Amino acid sequence: MPKPRTSTGEKNLIGKRLIALRDQHGLSQRDLARQLQLAGYDMDKNVITRIETNKRYVTDLELKALTEIFHVSYDYLIEEKEEPGLLGATLRLL
């Protein structure tokens, strides 16, 4: 049975939003991977690259990790709904 994809054939819904969040916070993929690992999540630079290029599915634990690191909701990542006060949000550095 084939795995589900978006209407445009992508493997996840958050790739573009993740790129935008990293850019807003001035983080490289390596920087983000380091923050995630310090928070106890096993995500390296290659995982982030594959998510951003839609070559990889995203697990619920990875979604949780990204919402915690960037202080955004699941809706913001998945549905691209605007977050109130997002422009004033700051990244929690560990």
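Colleague: What share of the 94 residues of the protein chain counts as buried?
Modeller: Keep in mind that this is a predicted model. A residue counts as buried when its relative accessible area is under 20%. Of the 94 residues in the protein chain, the share that passes is 37%.

Colleague: And the surface: how much of the exposed area do carbon and sulfur atoms supply?
Modeller: The protein chain exposes about 5,900 Å². The part of that area supplied by carbon and sulfur atoms is 53%.

Colleague: Which pattern does the protein chain follow along the sequence?
Modeller: The secondary structure comes to 5 helices and 0 strands. Read from start to end, then, the pattern is α-α-α-α-α.

Colleague: Which helix gives the most to the largest nonpolar core?
Modeller: That core has 20 residues, and Leu18, Leu32, Leu36, Leu66, Phe70 and Leu77 have the most contacts inside it. Each of α1, α2, α3, α4 and α5 supplies at least two residues of this core. The top contributor, with 5 residues, is α4.

Colleague: Let's stay with α4, then. Which helices do its buried residues pack against?
Modeller: The buried residues of α4 are Glu62, Leu63, Ala65, Leu66, Thr67, Ile69 and Phe70. Leu66 and Phe70 are also listed among the core residues with the most contacts. The partners of the buried α4 residues are α1, α2, α3 and α5.

Colleague: Which residue just after α4 takes a positive phi?
Modeller: Helix α4 covers residues 60–70. Just after α4 comes a phi of about 55°, and the residue taking it is histidine 71.

Colleague: What does leucine 32 touch, leaving out residues up to four places away in sequence?
Modeller: Leu32 is one of the residues with the most contacts inside the core. A touch here means heavy atoms within 4.5 Å. With those sequence neighbours left out, the list for leucine 32 is Leu18, Arg22, Leu27, Ile48, Leu66, Ile69 and Phe70.

Colleague: Why are α1 and α3 called oblique to each other?
Modeller: Their axes come within 7 Å and cross at roughly 125°. Perpendicular runs from 65 to 115 degrees and antiparallel starts over 145, so an angle between those two ranges falls to the remaining class. The relation of α1 to α3 is therefore oblique.

Colleague: How many nonpolar residues does the contact of α1 with α3 have?
Modeller: Gly15, Leu18, Ile19 and Arg22 of α1 make the contact with Ile48, Ile51 and Glu52 of α3. By class, 1 is polar and 2 are charged, while the nonpolar residues number 4.

Note on methods. Residues are numbered from 1 along each chain as its sequence is written. This is a predicted model: local features need pLDDT of at least 70, side-chain atom pairs count only at pLDDT 80 or more; totals for chains, interfaces and linings use all residues. Side-chain values use heavy atoms; hydrogens and water are left out. Axes are lines fitted to C-alpha atoms, for helices over the stretch in contact, and angles run from 0 to 180 degrees between N-to-C directions. Helices (H or I, at least four residues) and strands (E, at least two) are DSSP runs, numbered from the N terminus. Angles under 35 degrees count as roughly parallel, over 145 as roughly antiparallel, 65 to 115 as roughly perpendicular and the rest as oblique. Ala, Val, Leu, Ile, Met, Phe, Trp, Tyr, Cys and Pro count as nonpolar, Asp, Glu, Lys and Arg as charged, and the others, Gly among them, as polar. Buried means under 20% relative accessible area, exposed over 50%, partly exposed in between (1.4 Å probe, protein chains only). Accessible areas come from the Shrake-Rupley method with a 1.4 Å probe; for residues, only the protein chains shown count as cover. A nonpolar core is a set of buried Ala, Val, Leu, Ile, Met, Phe, Trp, Tyr and Cys residues joined through side-chain atoms within 4.5 Å.
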